[in-house]
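Me: Got a minute to go through this complex with me? I'd like to talk about contacts, charges and holes.

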Amino acid sequence: MHVPDGFFNAPVSVAAGAFAAAGVAVCLKRARNELNDRTAPMAGLVAAFIFAVQMLNFPVAAGTSGHLLGGALAAILVGPYTAVLCVAVVLLVQGFFFADGGLTALGINITLMAVVTSVVGWAVFRLITRAAPRSRGAVVAGSFVAAAVSVPVSALAFTLLFWIGGTAPIDVAAVAAAMGGVHVLIGLGEGLITALTVSSVLAVRPDLVYGAAGLRRNLVLRTADGEVPVEEPAPAPKGGLRPILVGGGLIAVLLAGVVSFYASGSPDGLERVAADKGFNAGEQESGVANWPLADYAVKGVENERLSLGVAGVAGVGLTVVAGGAVFYAVRRRNRVKADA
Amino acid sequence: MSAGHHHQLYRPGDTVVHRLPPQCKLLAAAGFAVAVVATPRESFWAFAAYAVMLAAVAAAGRVPPGFVLRRMVIEVPFVLFAVAIPIIGLGERVEVLGVSLSVEGLWAGWNILAKATLGVVASILLAATTEPRMMLLGAQRLRLPQLLVQIAMFMLRYMDVIMDEMRRMRVARESRGFVARDVRQIPVLAKSAGALFIRSYERGERVHLAMLSRGYTGEMPIIRDMSASLRQWGAAGLLPGLAAATAVLSWSLT
Amino acid sequence: MTSHPVPSLEVSGLAYAYPDGTQALFGVDLTIGRGERVALLGPNGAGKTTLVMHLNGILAAGHGSVRVAGLDVRADTMKEIRRRVGLVFQDPDDQLFMPTVREDVAFGPANLGMRGAELDSRVRDALERVGMLDAIDRPPHHLSFGQRRRVAVATVLAMEPEILVLDEPSSNLDPAARRELAEILRKLDVTVLMVTHDLPYALELCERSLILSAGVIAADAPTRDLLSDADLLSAHRLELPYGFAVPAV
């Protein structure tokens, strides 16, 4: 899945690079708040763990096997910010030390495999564990769904980027179908292995599972004076849902808006360029100025794009509102139950 | 004891390329990759020129061709993809040996293949001639966030230790007749992964304690810093400089 | 050993319970004079590691006190305490976290603010004392286990500690590496507290031994006397290797 050089055009590579850098910068700050002076050694060891675990090939179906991406797993085990850092460092090391993944594609790789998997995985996980009653089962089930969803979403993000700035003239629907299909399967494997891994850590060292911090019982100290309960309640996981939801929402709106705006002419655009210019067609021509207008000449291109962009934003907005409504309904019901 | 270096790309040596300060090499490799990616795909001659430049670097760094070729397997999945593009690509089609191929797809496939290959070879040469810890010093010198460099440092230090632990677990599994054949074996693998996480995390805690015991207060002391002379920058700038010139020329010719 | 006015280490009434509720120490008292080499013996789970963690303030005493060369272990003295107490961990891989031996040995003194030629000579000197100067530019994971443990000792020596605390120094060493380490430790001119259940090693290196059992010091006597008392040993789950006997004096 490590994207090499030349797969995406320059503007998308640069944009993804800027996005990845901003994401990593935010996470550096947040992780430091979570782990303070332990950040470097802990995140380093977890990164080494992720690197090792990515080499675990798991059988998906007869004849095919997948390997773990690990973003969701890391997010549940050590928290989303540290997770993004760990996976980003793994990708940097793979790019610079093992020539795995193009140097110009680092931004894309970090965006897809570190930021999207960790953030999506964590958001899904928190939605489920907040809605469900506090229990180990909920944490394990949440891990499964979170990881299973994070993989196809990452594949979908790949497809989106490919739509905007891919260098190959392939039908986006075909890419989406192929990537989606395979990655739904791989996602199931990722979900299964993530859930079981989280479950086995929960069984031995529940205190190490960041996402299960709510499960901790209050501590008791046995001193010379007898047993003294520790008053402070078990800490809820920091790095709560709100910043992630707000951030994720913004990203989704931005992507949907920008993608719809620019991509409206794109898929058939390449086709058009190829037909018009024959061998002189270059992928660099995907800059805004060169977008083929012919297809939409009658409808009025700018309006078309604008309306698609608006539609994209509206679509995301609607989804968020609907999802939020369901989520709050479930939570309210839980709360009513708890109060009763 | 520590046998986990099969994947390491570094080839010790004492050549001009090896001796260049790491920060220069990092920027040179990145600059080269950018120039390659920015080159129009019709400029076959430009890609040939890039290949010659890399060959020159490989020769100067005494990196044998076989070494580079063997490491290039890493891009195989994307080569397969590149080969598939002309077949599934859209647009005008052309018959080649009785197979209908997309013209645009052929261009795209070639574009990906050429750029990815040049990028991979540049990365391989960088990794082959730069010791991992030097690479970190270079990154530090280039003002990459301290914390990120440190995380990478700890990761590199403990990667082999953890891979060894994983290998021992696999030996333990397999010596009891376990083979990962289908989905039913996933729980066993996941248990190993869980155990590996706990070991990694606990080692992280112990390392942190070891650091505290030696006066660590959250800031890593900078023990080695390397500056590069203007001449060294000049030498390292040769590759991206030539590549950039080639890219510009290829644009003005098309 | 003659006792100096200020002992290297004084622990009194030390009690500690882990946050999970397990109490590990129930009032430990011990004093180690300057220049002494003392073994701390005890079965697994006796609280040895917990005690060691208190010596340089990684764990804070629940009750009681720890003084290193007259200085109380407190939050405000931590920096000086960590210079004075050199802790050598059981797994050298935990201790050698830097990319090369040189940087690793330099880590401690550099944290104390040392730089340049002074730092370099400190590093060389420490490696010289453990016979590992040749490995100065090698990455730690390319060294043998015994070599790594010696470098781990050097990382601590570079801080010129008042007292060297070793956690199971002989574990996982082959006989030759074990002997080499013993020779190095015997030559060092520092106070040594050696935590171990390797009784012959204690006998070889330390005149005096303490037995930590169930979170308290159960015995404090010359090593030879302790090891010749079979009843005492078996009461604390300590055993001499097969065929090994220490005659009473």
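Reply: Sure, here is a short chat about the interface, the salt bridges and a cavity.
Reply: This is a predicted model, where local features need pLDDT of at least 70, side-chain atom pairs count only at pLDDT 80 or more, and totals for chains, interfaces and linings use all residues. Residues are numbered from 1 along each chain as its sequence is written, chains are lettered from A and ligands numbered from 1 in the order in which they are written, and side-chain values use heavy atoms, with hydrogens and water left out.

Me: How many residues of chain A are in contact with chain B?
Reply: 71 residues of chain A touch 81 residues of chain B, with contact meaning heavy atoms within 4.5 Å.

Me: And what area is buried there?
Reply: About 6800 Å², of which carbon and sulfur atoms give 78%. That is the accessible area (1.4 Å probe) that two parts lose on being put together, summed over both.

Me: How many salt bridges between chain A and chain B?
Reply: Two, counting a side-chain nitrogen of Lys or Arg within 4 Å of a carboxyl oxygen of Asp or Glu. One of them pairs E205(B) with R38(A), closest N and O atoms 4.0 Å apart.

Me: What's the count over all chains?
Reply: 33 salt bridges. Among them is E10(C) with R67(C), at 3.6 Å between the closest N and O atoms. That pair links distant parts of chain C, 57 residues apart: E10(C) is in strand β1 (residues 9-17) and R67(C) in strand β4 (residues 63-68). Strands here are DSSP runs (E, at least two residues), numbered from the N terminus.

Me: Switching topic, which classes of residue line the second largest cavity?
Reply: Ten nonpolar, three polar and three charged residues. Nonpolar covers Ala, Val, Leu, Ile, Met, Phe, Trp, Tyr, Cys and Pro, charged covers Asp, Glu, Lys and Arg, and the others, Gly among them, are polar. A cavity is a set of points on a 1 Å grid over the protein atoms alone where a 1.4 Å probe fits but cannot get out, and lining residues have an atom within 4 Å of a point.

Terms used:
Helices (H or I, at least four residues) and strands (E, at least two) are DSSP runs, numbered from the N terminus.
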